[in-house]
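These are my notebook entries from a session with one structure, written as I looked things up. I kept to one topic per entry.

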Amino acid sequence: MHRLLIKLRTVWFVLNVVILTIIFGCIGLIGSVFERRGKMVSWVAQTWSKIVLFIGGIPYRTIGLEKLDPNGQYIFAANHESAMDIPLAFGALKYHLVSIAKIELKKIPILGWVMTAGGHIFVDRRNHSKALKSLENAKASMTKNPRSILIFPEGTRSLNGDIKPFKKGGLVMAIQLGMPVVPIALCGTRDVLGKNGLLLNPQELELRIGKPIRTENIHFEDRQQFVADVRQEVVALKNQWKNAE
């Protein structure tokens, strides 16, 4: 009986997320007609995220926000282990935030349209040359319209919660743009909604923020070590959460 109730709650939650995505997607599309820099869409994403967490009965807290300049632009490098990573990141980070997303999301009605209008960056991970071209276009776009970027350097979700090796693409772009990189750990999302997303298990989430890493003096030939250093910071933040439990 208890498992049946959990399944019903999960179905109710997913249906609400779909309805909210349609409603807020339409609001974002309409707003983007009047505000072309994507700030309206960013506000929509933040509001959608907070409501999704609320209707799921999922409390969350942010640790380390005082380390950041409220008016700054950053590249946030996060671990990735659940579909709940997106609501947690966008709900907790109070910035004009966009993501680097896989090209397949661009084809999803409403969601893809809104992400395009909001200035999100799409990358075709299956085609290396197209992926590089996408990052080049992203650099030009960031110069014209500065904003913060959320990246998941692992590339795909972790199946067991262990943080996988980081890919270089988004972090190399940070070096080329001279933007500070902020390691962040998204904690507890896998326990709330795992990779299969079959059962919702509400519990408190945490977003832990590390110290921004400046990139102005990091050279391209040092990129491998830089990527390893960023990953190590994310791992340390995640371990802090585990040890505090």
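**Entry 1: helix α3.** I began with helix α3, residues 85-92, and found that seven of its eight residues are buried, so the helix is largely enclosed by the rest of the structure. I wrote down the buried ones by name, which are D85, P87, L88, A89, F90, G91 and A92. I also noted at this point that the model is a predicted one, and I kept that in mind for every entry below.

**Entry 2: cysteines.** How many disulfides does a search of the whole structure find? I ran through the whole structure and the search came back with zero disulfides. I then looked up two cysteines for their surroundings: C26 has 35% relative accessibility and therefore counts as partly exposed, while C187 has a relative accessible area of 0% and is buried. To be sure of the wording, I checked that "buried" is used for residues under 20% relative accessible area and "exposed" for those over 50%, with "partly exposed" in between.

**Entry 3: a nonpolar patch.** Next I turned to the surface, where I19, I23, I27 and W43 make a nonpolar patch of about 380 Å². Helix α1, residues 2-34, gives the largest share of this patch, with three residues. I reminded myself that an α-helix has 3.6 residues a turn, so residues three or four places apart point the same way. The patch also includes W43, which I located in helix α2, residues 39-55. I looked up how open W43 is, and its relative accessible area of 46% makes it partly exposed.

**Entry 4: aromatic rings.** I counted the aromatic pairs in the structure and there are three. The pair I followed up is Y74 with Y95, whose ring centres are 5.8 Å apart and whose planes stand at 90°, so I recorded this pair as edge-to-face. The two partners come from distant parts of the chain, 21 residues apart: Y74 lies in the loop between β1 (60-63) and β2 (75-78), and Y95 lies in the loop between α3 and β3 (97-102). Are these two tyrosines buried or exposed? I found that Y74 is buried at a relative accessible area of 7%, and that Y95 is buried with a relative accessible area of 7%. I added that Y74, F76 and Y95 form one aromatic cluster.

**Entry 5: salt bridges.** The structure holds five salt bridges, and I looked up several of them, starting with R61. R61 forms a salt bridge with E204, and the closest N and O atoms of that pair are 3.9 Å apart. This pair links distant parts of the chain, since R61 sits in strand β1 while E204 sits in the loop between α7 (189-192) and β7 (205-209), 143 residues apart. R61 also forms a salt bridge with E206, where the closest N and O atoms are 2.6 Å apart. Here too distant parts of the chain are linked, with R61 in strand β1 and E206 in strand β7, 145 residues apart.

I then checked how open these residues are. R61 is at 40% relative accessibility and counts as partly exposed, E204 is partly exposed with a relative accessible area of 41%, and E206 is buried with a relative accessible area of 5%.

Another salt bridge I noted joins R214 and E216, with the closest N and O atoms 2.6 Å apart. R214 is exposed, at a relative accessible area of 59%, whereas E216 counts as partly exposed at 43% relative accessibility. Looking at the salt bridges that share partners, I saw that they join R61, E204, E206 and R208 into one network.

**Entry 6: around I163.** My last search was for the neighbours of I163, which I placed in the loop between β5 (148-151) and α6 (169-177). At 11% relative accessibility, I163 counts as buried. Which residues is I163 in contact with, leaving aside its neighbours within four places in sequence? My list reads N79, E154, R231, V234, V235 and K238. I looked at K238 in more detail: I163 and K238 are 75 residues apart in sequence, and their C-alpha atoms are 9.1 Å apart in space.

Technical notes. Residues are numbered from 1 along each chain as its sequence is written. This is a predicted model: local features need pLDDT of at least 70, side-chain atom pairs count only at pLDDT 80 or more; totals for chains, interfaces and linings use all residues. Side-chain values use heavy atoms; hydrogens and water are left out. Buried means under 20% relative accessible area, exposed over 50%, partly exposed in between (1.4 Å probe, protein chains only). Helices (H or I, at least four residues) and strands (E, at least two) are DSSP runs, numbered from the N terminus. A disulfide is a pair of cysteine sulfur atoms within 2.5 Å. Patches are made of residues with over 30% relative accessible area and no salt bridge: like charges are joined within 9 Å, nonpolar side chains (Val, Leu, Ile, Met, Phe, Trp, Tyr) within 5 Å. Accessible areas come from the Shrake-Rupley method with a 1.4 Å probe; for residues, only the protein chains shown count as cover. A salt bridge is a side-chain nitrogen of Lys or Arg within 4 Å of a carboxyl oxygen of Asp or Glu. Rings of Phe, Tyr and Trp (its six-membered ring) pair if their centres lie within 6.5 Å; planes under 30 degrees apart count as stacked, over 60 as edge-to-face and the rest as tilted. Contact means heavy atoms within 4.5 Å.
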